[in-house]
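Welcome, and please open the model in your viewer. We will go from one selection to the next and say what is there.

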Amino acid sequence: MTPYALECINLSKAFGQLSVLEDVTFGVEAGQLTALLGPSGCGKTTLLRLIAGFEQPDSGVIIINGRVVADQQREVPAEQRRVGMVFQEYALFQHLDVAGNIAFGLRGSPRQKQARASELLALVGLTGLEKRMPYELSGGQQQRVALARALAPRPEILLLDEPFSNLDAALRIQLRAEVKAILKSTGTTCIFVTHDQEEALSFADQVAVMLGGRILQVAPPQQIYHHPASLEVAEFVGESNRLTGHASGGTVTCLLGEVSTASPMRGPVDVLIRPEALSLHPANGQQPHGHITWREFYGHDQRLGVVLSDGTSLVVRLGPEDAFEVGQEVSIRLAAPAMIFPRHAGD
Ligand SMILES: Nc1ncnc2c1ncn2[C@@H]1O[C@H](COP(=O)(O)OP(=O)(O)O)[C@@H](O)[C@H]1O
Ligand SMILES: [Mg+2]
């Protein structure tokens with residue numbers, strides 16, 4: 001028995017000469033919300049299409065609730081996988097009204113279908129709009145209908161492919177909170193594709209980081225952010241300052257002084273420091289020091305650029321109350337743990 005609702009094992013897929021997915025392995029627990037985070041073109045949609053059954057992997061295995069749906073011998077058709085998918089562009093049927101769109105994939109008598117469509121409309125907060133046509137709906141409403149349509153046949157797995165990317169920022173935040181509440185209330189297992197880090201970190205139970213057709217780490221958001229598995233993940237997820245350092249035993253020496261490491265290492269290392277892990281102090285003669293070159297105020301916090309006396313540029317994130325001015329001389333300190341990655345020959 002697998003504890004996973006979905007397992008992808010060593011999936012690979014190429015289109016002609018172009019290798020798009022390489023050895024993709026990860027699992028999703030039942031009822032969990034997984035964000036698939038990666039830049040445009042890294043293979044996210046292709047991975048969803050393999051899971052949904054719209055494409056066949058070149059190699060590897062896909063298991064949904066213990067049932068192999070794709071491997072070298074088998075290919076369970078998309079309509080038998082109990083996987084729902086919401087596409088980036090809403091892809092509603094333009095000739096069907098809202099109720100018709102939601103009922104489209106349902107079986108049963110007209111009365112049963114209608115009852116289920118009404119249930120789903122209530123769930124997504126669109127009761128009363130049954131008879132509207134897609135072109136009579138706002139973008140947010142269309143996306144709610146697309147979600148209702150995908151959920152109507154009670155899928156075991158729901159795949160959302162950048163579902164909010166066409167919406168404005170405020171609606172996007174509201175809708176993703178609503179979608180999360182709906183998914184949790186129905187206990188639906190979900191993979192949610194995004195290239196927006198903040199969305200991935202804030203929305204998901206676990207984040208799968210994908211770069212260049214490979215999944216580099218699957219972990220809860222805090223772990224991805226504070227304990228990235230590699231330099232690549234650390235630099236892709238969240239902002240960071242990168243310094244070189246030298247490790248000896250349990251200590252790393254870098255421009256900002258000595259940093260202790262969790263595991264003993266030796267030799268050259270990269271030291272990655274989140275902007276909020278640095279603190280600034282009025283120049284007090286202590287090293288290292290530099291001066292502030294720019295400042296961006298966001299309301300809830302602020303970002304500042306500091307150039308050290310040796311020319312190194314750092315980004316610092318401070319609370320909204322700290323009053324430093326551009327041009328001001330400051331001392332800088334490491335106020336929280338840094339992330340250390342050994343450098344390999346050729347790095
Ligand atoms: N059917 C296809 N035929 C050829 N190339 C494709 C096909 N689908 C996707 N690709 C290519 O595969 C790569 C990954 O695409 P995609 O999975 O859509 O990435 P993402 O969703 O992460 O932006 C891209 O280079 C894309 O052009
Ligand atoms: Mg895509």
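**A tour in three stops**

Select β11 and strand β12 (residues 257-273): these two run antiparallel and are joined by 13 bridges. Keep in mind as you look that this is a predicted model. For one pairing to zoom in on, click A247, whose bridge partner in β12 is G267.

Now add β18 to the selection. You have an open sheet of 3 strands in the order β11-β12-β18, with antiparallel pairing. Its edge strands are β11 (241-254) and β18 (339-342), each of which pairs on one side only. From one strand to the next, the twist averages 45°.

Next, select ligand 1. Which residues are around ligand 1? They are F15, L18, V20, G38, S40, G41, C42, G43, K44, T45 and T46. Color this shell by class and you will find 4 nonpolar, 6 polar and 1 charged residues. Both β2 (18-29) and α1 (44-52) supply at least two residues of the shell, and α1 gives the most, with 3 residues.

For the last stop, select helix α5 (residues 169-186). Its 18 residues, at 1.5 Å a residue, should span 26 Å, and the end C-alpha atoms are indeed 26 Å apart, so the two agree. Show the side chains of R176, V179, I182 and L183, which are buried. Around the axis they cover an arc of only 125°, so they sit on the same side of α5. Then turn to the face pointing away from that buried side, where you will meet the exposed residues A170, A177, A181 and S185.

Terms used: Residues are numbered from 1 along each chain as its sequence is written. Chains are lettered from A and ligands numbered from 1 in the order in which they are written. This is a predicted model: local features need pLDDT of at least 70, side-chain atom pairs count only at pLDDT 80 or more; totals for chains, interfaces and linings use all residues. A residue is near a molecule or strand if its C-beta atom, placed from the backbone, lies within 6 Å of it. Helices (H or I, at least four residues) and strands (E, at least two) are DSSP runs, numbered from the N terminus. Ala, Val, Leu, Ile, Met, Phe, Trp, Tyr, Cys and Pro count as nonpolar, Asp, Glu, Lys and Arg as charged, and the others, Gly among them, as polar. Two strands pair if DSSP finds at least two bridges between them. Axes are lines fitted to C-alpha atoms, for helices over the stretch in contact, and angles run from 0 to 180 degrees between N-to-C directions. The expected span of a helix is 1.5 Å times one less than its number of residues. A residue is buried if 20 or more other C-beta atoms lie within 10 Å of its own, exposed if 12 or fewer, and partly exposed in between; C-beta atoms are placed from the backbone. The arc is that of the directions from the helix axis to the C-beta atoms.
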